[in-house]
Amino acid sequence: MADSKNKRDSSYDNLPEIPGYKIEKRIGRGGMADVYKGIQLTLNRPVAIKIISASFSRDPSFSKRFLLEAQTVAKLVHPNIVTIHDIGSHKENHYIVMEYLDMKLNSRLKYLGKISIEESLRIIKALAAAIKYAHAKGIIHRDIKPDNCMFRTDETPVLVDFGLAKTVDAETSISQTGIRLGTPNYMSPEQCMGKKLD
């Protein structure tokens, strides 16, 4: 029992390092990246830090596409889109630093049970406004789902995780045309078939 406890403790302490940030714990894991809760030391504020998986980071072409895409998404300034504070690379870690949000729509539904039609419409309208704004800037999110809707403490719905985002200009896309990426239950038919999105 003691050995297994030590293994758990050591793996918990084995956190990545990003200059200027204190990483506290991992709060999410995906196919392309892990997300950590951290503190931005200069401002002493909580942040979410998304660090791209090492297998992707070692691919120079992916690294270039990732940084270009992150710079594009960082330009999105909208009340219903997550705010990006910083992007960069440290050693093999490519990262994006965002505002910290801790309540997902899925968690909210589990906690509250059913929500009213009025509340549902409020959330949908907010997300639709975010999507419309991103589209006007030439960015397609490609992974709209309950996990990617979070809330600020004032109840504002926020669209997060532009990790699969694609610009209309395919030159800067993280993924490549013909490759199906996304969450099948929430993908459009053309996305499921790997066709070009508009």
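Me: What makes β2 and strand β3 count as paired?

Reply: In this predicted model, β2 and β3 (residues 45–52) share 8 bridges in the antiparallel sense. Two strands pair if there are at least two bridges between them, so β2 and β3 qualify. Lys-37, for instance, stands opposite Ala-48 in β3, and Val-35 has Lys-50 as its bridge partner there.

Me: And what links β2 to β3 along the chain?

Reply: A hairpin with 4 residues between the two strands. In its turn, Asn-44 has a positive phi of about 50 degrees.

Me: How do you know that strand β1 pairs with strand β2?

Reply: The same kind of reasoning works. The cut-off is at least two bridges, and β1 (residues 21–29) and β2 (residues 33–40) have 7, so they are a pair, antiparallel in sense. Lys-25 has Lys-37 as its bridge partner in β2, and a hairpin of 3 residues joins the two strands.

Me: Which strands make up the sheet that holds β3, and which are its edges?

Reply: The order is β1-β2-β3-β5-β4, an open sheet of 5 strands with antiparallel pairing. Its edge strands are β1 and β4 (84–90), because each pairs on one side only. Neighbouring strands here are turned by 25 degrees against each other on average, direction ignored. On the β5 side, β3 is joined by 5 bridges, and Lys-50 has Ile-96 as its bridge partner in β5.

Me: Why is β3 described as largely enclosed?

Reply: Because 6 of its 8 residues are buried, β3 is largely enclosed by the rest of the structure.

Me: Why is Glu-99 called buried?

Reply: Its relative accessible area is 14%. Buried means under 20%, so Glu-99 falls within that class.

Me: What makes the pairing of Glu-99 with Arg-152 a polar contact?

Reply: Glu-99 is found in strand β5 (residues 93–99), and its side chain is joined to that of Arg-152 at 2.9 Å. A polar contact needs N or O atoms within 3.5 Å, so this distance fits the definition. The side chain of Glu-99 also has a polar atom 2.9 Å from the backbone nitrogen of Thr-83. Beyond residues up to four places away in sequence, Glu-99 touches Ala-48, Ile-81 and Val-158, among others.

Me: Where does β9 belong, and why is it called an edge strand?

Reply: β9 (157–159) is an edge strand, as is β6 (103–104), because each pairs on one side only. They belong to an open sheet of 3 strands in the order β6-β8-β9, with antiparallel pairing. Strand β8 (residues 149–151) is joined to β9 by 3 bridges, and Phe-151 has Pro-157 as its bridge partner in β9. Helix α5 (residues 117–136) lies across β8 and β9, running at about 35 degrees to β9.

Me: Which residues have the most contacts inside the largest nonpolar core?

Reply: Leu-76 and Phe-162, in a core of 28 residues. The elements that each supply at least two residues include β3, α3 (60–74), α5 and β9. Leaving aside neighbours within four places in sequence, Leu-76 is in contact with residues including Ile-81, Tyr-133 and Phe-162. There is also a second, separate core of 9 residues, with Ile-18, Tyr-36, Val-47 and Ile-49 among them.

Note on methods: Residues are numbered from 1 along each chain as its sequence is written. This is a predicted model: local features need pLDDT of at least 70, side-chain atom pairs count only at pLDDT 80 or more; totals for chains, interfaces and linings use all residues. Side-chain values use heavy atoms; hydrogens and water are left out. Contact means heavy atoms within 4.5 Å. Axes are lines fitted to C-alpha atoms, for helices over the stretch in contact, and angles run from 0 to 180 degrees between N-to-C directions. Buried means under 20% relative accessible area, exposed over 50%, partly exposed in between (1.4 Å probe, protein chains only). A polar contact is a pair of N or O atoms within 3.5 Å; within protein, one must be able to donate a hydrogen and the other to accept it, and residues adjacent in sequence count only if both atoms are side-chain atoms. A nonpolar core is a set of buried Ala, Val, Leu, Ile, Met, Phe, Trp, Tyr and Cys residues joined through side-chain atoms within 4.5 Å.
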